[in-house]
Amino acid sequence: MDALYLDIGGTHLRAGRYSDNGPVDIRKSCIQDYESIYRVLEDNATEDMSVLIASTGHQNANGDWKITNGNGWTISLKELSESRYRIKTIINDLEAACWA
């Protein structure tokens, strides 16, 4: 099964699909081109895809993910869990690099 992975940085966003053959369809765009994470998901995810996110930022006391990019996005994990998107994980981008 395919999965969408997002690398959300301070300046750029990378979106790609991970399939049985590894990463494919990697696209890089400016983070300022998107008003929210929800727009990124609308443009890149299909309903049958799991979504994996590595991002600048951290989880706050409310359980939301505060992204420290130029847009200052906050990802509500509660809202996403109630949406059509299947978010599997959100981790800090430095943590993702360490795991790699």
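Which residues of helix 1 are buried? In this predicted model, the answer is I37, V40, L41 and N44. Those four cover an arc of only 95° around the axis, which puts them on the same side of helix 1. The spacing of such a set follows a familiar rule: an α-helix has 3.6 residues a turn, so residues three or four places apart point the same way.

To see what surrounds this helix, turn to the strands. Helix 1, residues 37-44, lies across strand 1, strand 2, strand 3, strand 4 and strand 8. Its direction makes an angle of about 140° with strand 1. These five strands form an open sheet, and if you walk across the sheet you meet them in the order 3-2-1-4-8. The pairing is mixed. At the edges stand strand 3 (22-30) and strand 8 (86-92); each has a single partner strand, so one side of each is left without a neighbour in the sheet. From one strand to its neighbour, the turn is 15° on average, with direction ignored.

Now follow the part of the sheet built around strand 4, which spans residues 50-55. Strand 4 runs parallel to strand 1, and six bridges join the two. You can pick out individual partners along this pairing: L6 has I53 as its bridge partner in strand 4, and I8 stands opposite S55. Strand 4 is also joined to strand 8 by six bridges, and this pair runs parallel as well. Here A54 is the residue to look for, since its place is opposite I91 in strand 8. How much of strand 4 is covered? Mostly, it is: five of its six residues are buried.

Let us finish with the charged side chains. How many salt bridges does the structure hold? There are five, and three of the residues involved, D2, R17 and D25, are linked in a network. R17 takes part in two of the contacts that make up this network. With D2, the side chain of R17 meets in a salt bridge at 2.7 Å, N to O. That pair links distant parts of the chain: D2 sits in the segment before strand 1 (3-8), R17 belongs to strand 2 (residues 12-19), and the two are 15 residues apart. With D25, the N to O distance for R17 is 3.1 Å.

How accessible are these network residues? R17 has a relative accessible area of 23% and is partly exposed. D2, at 29% relative accessibility, is likewise partly exposed, and so is D25, with a relative accessible area of 46%.

Another of the salt bridges joins E82 and K78, whose closest N and O atoms are 2.8 Å apart. Are these two residues buried or exposed? E82 counts as exposed at 56% relative accessibility, and K78 is exposed too, with a relative accessible area of 56%.

Note on methods
Residues numbered from 1 in each chain as written. Predicted model: local features only at pLDDT ≥ 70, side-chain atom pairs only at ≥ 80, totals over all residues. Heavy atoms only, no water. Salt bridge = Lys/Arg side-chain N within 4 Å of Asp/Glu carboxyl O. Buried < 20%, exposed > 50% of the residue type's maximum accessible area, 1.4 Å probe, protein only. Pairing = 2+ DSSP bridges. Axes fitted to C-alpha atoms, helices over the stretch in contact; angles between N-to-C directions. Contact = heavy atoms within 4.5 Å. Arc of directions from axis to C-beta.
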